[in-house]
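Trainee: Please take a close look at one part of this model for me. I would like the hairpin and the core around it.

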Amino acid sequence: SQGWRRFTWKNIMAGSFHPLLFPPENNMHISGRVLANNGKPVMGGKVTLFSSSGDIFLRDTLTDNEGRFDFNNLFFHDSTKFAVQAKNVKDRKNVEIQLNALPPQMVTNSKNAATIEVNVNNSMNAYLKNSRNQFDELRRYGMVNRSITLAEVKIFDKKPQVKNSTNLNGAGNADQIITAKDLENATDLSLHIEGHVAGIKVEDGKFYLLRYFTMPMLIVLDGMHVDMEYLRSINPRDIEAIEVLKSGANIGIYGKFGGGGVLVITTKQGGENLTYHNYAPGILSYMPKGFYKVREFYSPNYDDPKTNTKIADLRSTIYWNPHILTDKSGKASVEFFNADGAGSYVAILEGITAEGKLGRAIYRYRVN
C-alpha cells in the first residue's frame with residue numbers, strides 16, 4: 001500500500017505534532033472581525049451580542065489589534081436569534097462586521113427523490129390499515145377536520161424564474177410570485193404580503209391561509225425556517241422574490257411542516273452566506289444552530305381520569321424511549337400501555353455500553 005506522506009511516524013511517537021489550524025470545538029461561540037470602511041481592522045472597538053428572540057443573551061467585548069472578537073462558552077437553543085452590534089473607539093457605527101460562520105447546506109431538489117407511484121410491500125399493509133383506522137376513529141370524535149380529496153387537475157403555465165430560489169418544487173413553481181418590482185414601494189413586508197396575496201391573513205404575529213386556519217404558514221428565507229418577527233428586520237427592497245405556495249400540489253413536498261402553506265422568500269443576497277444578513281452598518285442578525293430542545297414521546301396515560309377511554313387506541317408506534325439506563329446487574333424495566341389492537345407486537349432494543357460495545361435485540365409478544 002502507499003506510504004504515509006502527510007506526517008512522519010517518528011515525530012508522532014516523539015510527541016511532535018503539526019500546529020492545529022482548526023482547534024477542536026469544545027463549546028459554542030460566536031466570533032468574527034470588525035473592519036472600518038477602508039478595510040482596516042478596528043482596534044479596541046466595542047462589540048455587543050444580544051438575542052432578539054429565544055434564550056436571553058446580553059454580552060459585550062472589545063476587539064483586539066486585528067479587529068477580532070470572540071464570545072465563548074455560549075449555551076443556547078435553536079430558537080435563539082442574535083443581533084451583533086459593533087462600534088469603533090469613537091462610538092460610531094460606520095463599521096463592517098464579518099462573522100466566522102460557514103453557510104448552511106442549501107436545500108435543493110434531490111435527484112434520488114421517490115417516484116410518484118410506490119409499490120408498498122405486503123409487510124406494510126397491516127401498518128397502513130391500522131393508521132387509517134386510527135385516523136377514522138379520531139375523525140369520528142371530532143379530533144381532526146374532515147377533508148375532501150378532489151380529482152387531479154393539471155394546469156399548464158409558464159412560471160417566471162426566480163434567481164437563487166430554494167423552492168423545493170423548483171424555481172418559479174408557485175401559486176403566486178411577488179417580485180422585487182412589486183416590492184419597490186413596500187414599507188412593511190408582512191402588510192404587503194397580506195394585502196397582495198388572496199386568502200392570507202395575519203393573526204397573532206403569524207401568516208395563515210384562510211382555508212388552513214388551524215396551522216400557520218411556513219416561512220422559508222434563503223433556505224432557512226424563520227418566523228414573522230425575523231421578517232421585521234428585513235428591508236423589503238432586499239427581497240428578490242416571494243413565492244407563495246397554497247395548493248396541495250405545491251405544499252406537499254414540504255410534508256407536515258408546510259401543511260398550512262409556505263412562503264419561500266429569496267433575498268437579493270441569496271447566493272452569498274445564508275447564515276447571517278447585514279442590512280445596516282454596524283449591526284447584523286445571526287441565526288446559528290443551537291441545542292435542540294428535547295420533546296417527550298407521546299404515550300397515553302389511562303390512569304388519568306381526564307383521558308377519553310371511549311376513543312379506540314389504534315396507535316401503530318406504541319412506545320419509544322431514547323435514554324434507558326441499566327443498573328449494576330445490567331437490568332432495566334419500562335412500563336407502557338399497549339394499543340387496543342390485538343395481534344403480534346415487535347419490540348426493538350438498541351444500546352451501547354460505557355466501553356462502546358453495541359447491543360441490539362428484537363423480540364415479539366402477542367396481545368389477545
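Mentor: First, a term. Strands here are DSSP runs of E, at least two residues long, numbered from the N terminus. Two of them pair if DSSP finds at least two bridges between them. Keep in mind that this is a predicted model.

Now the hairpin. Strand 8 covers residues 200–203, and strand 9 covers residues 206–209. They pair in the antiparallel sense, over 4 bridges. Within that pairing, Val 202 stands opposite Phe 207. The turn has 2 residues between the strands. One of the residues in the turn, Asp 204, has a positive phi of about 55°.

Next, the core. Phe 207 appears again here. The largest nonpolar core has 23 residues. Those with the most contacts inside it are Ile 193, Ile 200, Phe 207, Leu 231, Ile 242 and Leu 263. Several elements each supply at least two residues of this core, among them strand 9, helix 3 (189–196) and helix 4 (228–231). Strand 10 (218–221), strand 12 (239–245) and strand 13 (262–267) do so too. Nonpolar side chains tend to be buried together in soluble globular proteins.

Look at Ile 242 in detail. Leaving out residues up to four places away in sequence, Ile 242 touches Gln 176, Ile 177, Ile 178, Leu 183 and Leu 189, among others. Its contacts also include Ile 193, Leu 263, Val 264 and Ile 265. Ile 193 and Leu 263 are themselves among the residues with the most contacts inside the core.

Another core lies apart from this one. That second core has 20 residues, including Val 42, Phe 69, Leu 74 and Ala 101.

Note on methods:
Residues are numbered from 1 along each chain as its sequence is written. This is a predicted model: local features need pLDDT of at least 70, side-chain atom pairs count only at pLDDT 80 or more; totals for chains, interfaces and linings use all residues. Side-chain values use heavy atoms; hydrogens and water are left out. A nonpolar core is a set of buried Ala, Val, Leu, Ile, Met, Phe, Trp, Tyr and Cys residues joined through side-chain atoms within 4.5 Å. Buried means under 20% relative accessible area, exposed over 50%, partly exposed in between (1.4 Å probe, protein chains only). Contact means heavy atoms within 4.5 Å.
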